[in-house]
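Trainee: I would like to take a close look at a single part of this structure and understand how that part sits among its neighbours. Could you guide me through one piece slowly, and then show me how the rest can be read in the same way?

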Amino acid sequence: MFHFRRCPTWLLAWVAVLPLGCGQLQGQGSGSVPAYEPSADEIRTARELAERQLLGPESDITPQEKFYFIKAELLPDSQAETTQRLVMLTYYRYQGNLTYHTMVDLNAQQVVQSEGKVNFPCGLAPEEQQLAIDLARADQRLQPLFEQYGDRLEIQTRLSWEGESPTRPHRQVHLLFRIGSDYLTRPTVIVDLATSSVQVQ
Amino acid sequence: MFKRPWPLLLSIGMVIALGLLTVTLAQPPHPHQNPTGKPGFKPQPGNKHLNEIIQEFPTNDRMRTAWKVRWMTTRGYGLVIQDAWFKKSPREDWMQILGDCRLGEAFVPYHRGSPRFWDVSYNFGLHTMTAADAGPHGKLLSDRPGGEPTVVMELRDRGIMYKDTRAGVRRGQVMVLWAALNAANYVYVMEYGFRDDGGVTFRIGSTGHNYSGSETIGHMHNGMFRIDVNLDGKDNNTVELVEHIEPHPNGNKKMAMTKVTPFNNGFEGGADFQAEKFTMVRIRHTQKKNARGEYLSYDLVSARMGNARHFGGGRPEQSEECSEHDFWVTKNRPGELYYGAVKHYARRGENIRDTDVVVWYNAPGHHEPRSEDGEFRGGVFNGVTPIMWCGFELKPRNIWDRTPFHDK
């Protein structure tokens, strides 16, 4: 049983200042990314503002179609010391091969500018990268490869921006297979995320 | 001390409540009270630079010159220079030279037409650096407390600065910051050098592994840089095209001349490097001069294997059109970071005289695979591609009143 009579003074003092320490940690947590990167909260807010416009009532983007958030980046000012918080969000829409760049002013909490460019290179969303790998893993022609190398096989993805028609989705993901410090020269695997097809050579 | 626990518990509770109240009151108010904004949201304060290096030269004597460089790292672009200032002497103030400078894109098309990679847009991260990267004289840097080191700082002897029969000889020094983008099979080393005489070098090195399935296929590495030159501040800068013309237009074939004209007639646009013209782009301050009455300037001097021109991509927004010119100049506008869109930015045709300008420069390399890149061995390609460097320098022009580091 705990005897309060024996409770040391230092313990009482520690308990008294504990809330102040928690407050300090809370402050550090919210500033744990450098000032030149948008925080998770800033990205969330920027996306809400951007997607309210991009996916709003006047948008022609339907919920069923493939539309991915790619990245958020803080835009530079003329000097690093600035109170400007402009975030550029990149999205990719399969239909029409459109890359959207939407600029959000976090200080004003407003969308400043949003532009869709046809056939403009952008990267893959993490979900797309994983989907490409999953499609390859499910392909029967590649089972011998996965069985031969097992966990030693590292799969890397690269996106090649090509295609004869500028308005058809450019989502040809090239897979690289690495064993230790070397890359396998074969097979050549290209996953087309637009058609969910796997090309194996 | 207490016969019954409840007075102590009450005391502790009051102290905790007091502590929480103190914390709550200490939170700064929302800087922009927007009734339609998200309640409780507060943007990060943006006025803190995290990574700053002040390097004095020479490193083995009293300070003569110095650089102050702020840098950051980010996915995709890798190592970015946020700002850079130069000090010509201990008595002088810092003069800004650069704003945001970065590798704007790395475009890698193969001779067969496929694949075609835009490796900055792909958002790769940086390699973690080790002592083996830094070498015996380098220093590993992290861009945030407790983070993995992804940047190396080195102080290098840069060789002969000048040599003269009577004036003697002087060797120069440079502070180099570099990092390496982990682009799957490729590694792109991006390097920025800040010289003791105020010059700045930009280089990109391509190394790693030749691409699987195309190990012996020729391809291009386009290192496409975006350079926000802020010569003595962001305003009052103008851009000129500098060309060597030979033979002289006067008809005398033994004569030549230097022709300096407003870049693209003073408006946003592009220009080409022509080897016989030794083409340079000059960023000049429109008002400030040195003691000899010459405008402060920097010359962008190319070090090129050749000029890259690419025609793939397909209409209407053919991003490979960014290779149509070797130099582009635009006015500095928020959000214009993507080299692939530079022609689109330049189409606005705004005035680039006496304003805040951005110079865009493609430093291309042609990689023709060779035995030194590696060999086929048992189903794998074994070896590492020796690094191929491409780059340019910003050379100070009339920043000094006389020969730097020359006391005679």
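Mentor: What follows is a walk through one strand of chain B, and after that a shorter look at a helix and a loop of chain A.

Please keep in mind from the start that this is a predicted model. The part I have chosen is strand β15 of chain B, residues 280-289, which is mostly covered, since seven of its 10 residues are buried.

Let us begin with the strands on which β15(B) depends for its pairing partners in this account. Strand β12 of chain B, residues 237-245, is joined to β15(B) by six bridges, and the two run antiparallel. Within β15(B), B:Ile283 has B:Val239 standing opposite. β15(B) also pairs with strand β16 of chain B, residues 295-303, again in the antiparallel sense, over five bridges. In this pairing B:Arg284 of β15(B) has B:Ser297 in β16(B) as its bridge partner. β15(B) and β16(B) form a hairpin, with five residues between them, and in the turn B:Gly293 has a positive phi of about 80 degrees.

A residue that repays attention is B:His285, which lies in strand β15 of chain B. Is B:His285 buried or exposed? Its relative accessible area is 3%, and because buried means under 20%, B:His285 counts as buried. A polar atom of the B:His285 side chain lies 3.1 Å from the backbone nitrogen of B:Gln287. If we leave aside neighbours within four places in sequence, B:His285 is in contact with B:Leu231, B:Asp232, B:Asp235, B:Asn236, B:Asn237, B:Tyr295 and B:Leu296. When you look along the strand, it helps to remember a general point: in a regular strand the side chains alternate between the two faces of the sheet.

Now let us turn to chain A, where the same kind of reading can be applied to a helix. Chain A has four helices and nine strands, and of its 201 residues 52% count as buried. Helix α2 of chain A covers residues 40-54, and at 1.5 Å a residue its 15 residues should span 21 Å; the C-alpha atoms at its ends are 20 Å apart, which agrees. The buried residues of α2(A) are A:Glu42, A:Thr45, A:Ala46, A:Leu49, A:Ala50 and A:Leu54. These residues cover an arc of only 165 degrees around the axis, and therefore they lie on the same side of α2(A). On the other side of α2(A), by contrast, A:Ala40 and A:Arg52 are exposed. The buried residues of the helix pack against four strands of chain A, namely β1 (67-74), β2 (86-93), β3 (98-105) and β4 (110-118).

Finally, consider a loop, so that you have seen a strand, a helix and a connecting stretch. A:Asn119 has its place in the loop between β4 and α3 (126-138) of chain A. A:Asn119 is buried, with a relative accessible area of 0%, and a polar contact of 3.0 Å joins its side chain to that of A:His170.

Note on methods:
Residues numbered from 1 in each chain as written. Chains lettered and ligands numbered in written order. Predicted model: local features only at pLDDT ≥ 70, side-chain atom pairs only at ≥ 80, totals over all residues. Heavy atoms only, no water. Expected span 1.5 Å × (residues − 1). Buried < 20%, exposed > 50% of the residue type's maximum accessible area, 1.4 Å probe, protein only. Arc of directions from axis to C-beta. Contact = heavy atoms within 4.5 Å. Polar contact = N/O pair within 3.5 Å; in protein donor to acceptor, adjacent residues only side chain to side chain. Pairing = 2+ DSSP bridges.
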